[in-house]
Amino acid sequence: MKNLPSISISEKLAVAFSGMPLELPQSMQTLCDSLLIDVAGLCVAARNTDYVGATFRSCNEAGECVIIGRQGRFNVAAAAIVNGTATHGEDYDDTYEGGPIHAGAVIVPAVLAAAQKHQLSGADVARGIAIGSELMCRLCTVAPKLVHKAGFHPTAVFGALGAAAGVASALRLSQTQWVNALGIAGSMASGIIEYLAEGTWTKRMHPGWAAQSGYRAARMAQEGFTGPRTLFEGDHGFFHAFANLDDCHFSELLDGVGSVWLSAEMAFKPYACGTMAHPFIDCARKLVAEGLNPEEVELIVCNTAEGIVHRLWEPLALKQNPPNGYAAKFSIPYAIAVGMLRNNAGLNDYEESVVHDPQVRSLASKVSYHIDPNNPYPKQFTGHLRVTLKNGKVLEASQGHFRGGRDEPMSIAALEEKFLANCEYGGWTQSDAIDGLACLKNICSSHSLDLSSLAK
């Protein structure tokens, strides 16, 4: 075993985050407000789905916390896992382009549940959301692409640590307790990506499981339970387990932590599907807007990144003919087809009737790919289509960024419109949605939290 460090990576993180000013920079205050609005709207949109119903029935236990979009009060674990599952369930939630990971679906449910249980202030909520989200984003810098390659879902495994850090920060734990919380969460992290095989539901629950695990880790640490301080650099550490990597470099994880906020550039989705498909959808819609008739398409070949092939392109025959709406969310051929034929890829475009539409399937079957060795993924998400028409004419479109991300961010106004649309989709009245939005916009400045307008 290698010599143990006098100050570990987790301890350096604890020092940096605890030494931050109490007031967050404006960019992070904006991020916290944005995440709260986006998460809540997604919870409402998914509240009547079969997978949220199954999750709720499995953990319907009374307590002090709100499950967004459902009447009553429930315990911390129930609120965290149901809200986290609902947020991520339609794959319409935030993403970090350097990951990709979905921090909001993990951190917001964990911190909100902790805040209600322990009667925390809005400032505590904001600090917890900011630090938990930041840690998740920074973890993406250590072993880019390798966690996915090893068969794990980064949101799931990074999420347990992020939620532990977020809740520990909101609860104002000591530095020693904070380090222990991270160490404990390392043994709670889990989430494999075999859902890709048949479009089953497990990816949907990964953020909820991470949220409730992070809360439990923080509380255990608060009560004196210990975890390894060498979580990251130890011989049997986190990235050894989840990325098959032993020679880790932690400079980017630590560089500027507590003062430079990578998470401030977090992206918000305009489409209800896997993030890396978005630029391809934009390219498809652009070509149609310029006069392309989808009925005239003979063949579509896309330049793409090698790092997304195993999730969004292969097996190609299955991606061209996804078995259900959830599987379709991780298919670029399907995304291109609905983008061309329906001029969108929203919640309605992944319903079963659309997925099995013969016209959509026919067009998706014409889509294939070519790996571009110079593609900048995961630092940047790009799209490209080369369309050959039946008359031999070739049309081409490219997009070098993710719309909704750092190069073309989604405004608060656009996020509020998305929230209202999601509430309508989930069956809330306009009055319910307006009341909910007013509550969300006041959370971070509240001395005591009243989330009753979200429990409908």
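Q: How many Å does helix α8 reach from its first C-alpha to its last?
A: Keep in mind that we're looking at a predicted model. Helix α8 covers residues 154-170, which makes 17 residues. At 1.5 Å a residue you'd expect 24 Å, and the helix comes close to that. From first C-alpha to last, α8 reaches 23 Å.

Q: At which residue does α8 bend?
A: Let's walk along the helix, residues 154-170. Somewhere on the way its axis turns by about 30 degrees. The residue where α8 bends is A160.

Q: How many of the residues of α8 are buried?
A: Buried here means under 20% relative accessible area. By that cut-off, α8 is mostly covered. The count of buried residues in α8 is 17 of 17.

Q: Which residue that follows α8 has a positive phi?
A: Helix α8 takes in residues 154-170, so to speak, and we look past its end. There we find a residue whose phi is near 60 degrees, on the positive side. That residue is R172.

Q: Which strands stand at the edges of the open four-stranded sheet?
A: Line the strands up and you get the order β3-β2-β4-β5, with mixed pairing. An edge strand has a single partner, so one side of it is left without a neighbour in the sheet. The strands that fit are β3 (367-371) and β5 (394-399).

Q: What is the average turn between neighbouring strands of this sheet?
A: Take the neighbours in the order β3-β2-β4-β5. Ignore which direction each strand runs, and average the angle by which neighbours are turned against each other. The result is 20 degrees.

Q: Does β2 pair with β4 in the parallel or antiparallel sense?
A: Strands of a sheet can pair either way, through backbone hydrogen bonds. On one side, β2 (residues 297-304) runs parallel to β3, joined by five bridges. There, T304 stands opposite I371, and N303 stands opposite H370. With β4, β2 has four bridges, and the sense is antiparallel.

Q: Which residue in β4 does V301 stand opposite?
A: V301 belongs to the stretch 297-304, which is β2. This strand pairs with β4 over four bridges. Across from V301 in β4 stands R386.

Q: Which helix packs on the sheet?
A: Look for a helix that touches β2, β4 (383-389) and β5. Its direction makes about 40 degrees with that of β4, and its residues are 278-289. The helix is α13.

Methods. Residues are numbered from 1 along each chain as its sequence is written. This is a predicted model: local features need pLDDT of at least 70, side-chain atom pairs count only at pLDDT 80 or more; totals for chains, interfaces and linings use all residues. Side-chain values use heavy atoms; hydrogens and water are left out. Helices (H or I, at least four residues) and strands (E, at least two) are DSSP runs, numbered from the N terminus. The expected span of a helix is 1.5 Å times one less than its number of residues. The bend at a residue is the angle between axes fitted to the seven residues ending there and the seven starting there. Buried means under 20% relative accessible area, exposed over 50%, partly exposed in between (1.4 Å probe, protein chains only). Two strands pair if DSSP finds at least two bridges between them. Axes are lines fitted to C-alpha atoms, for helices over the stretch in contact, and angles run from 0 to 180 degrees between N-to-C directions. Contact means heavy atoms within 4.5 Å.
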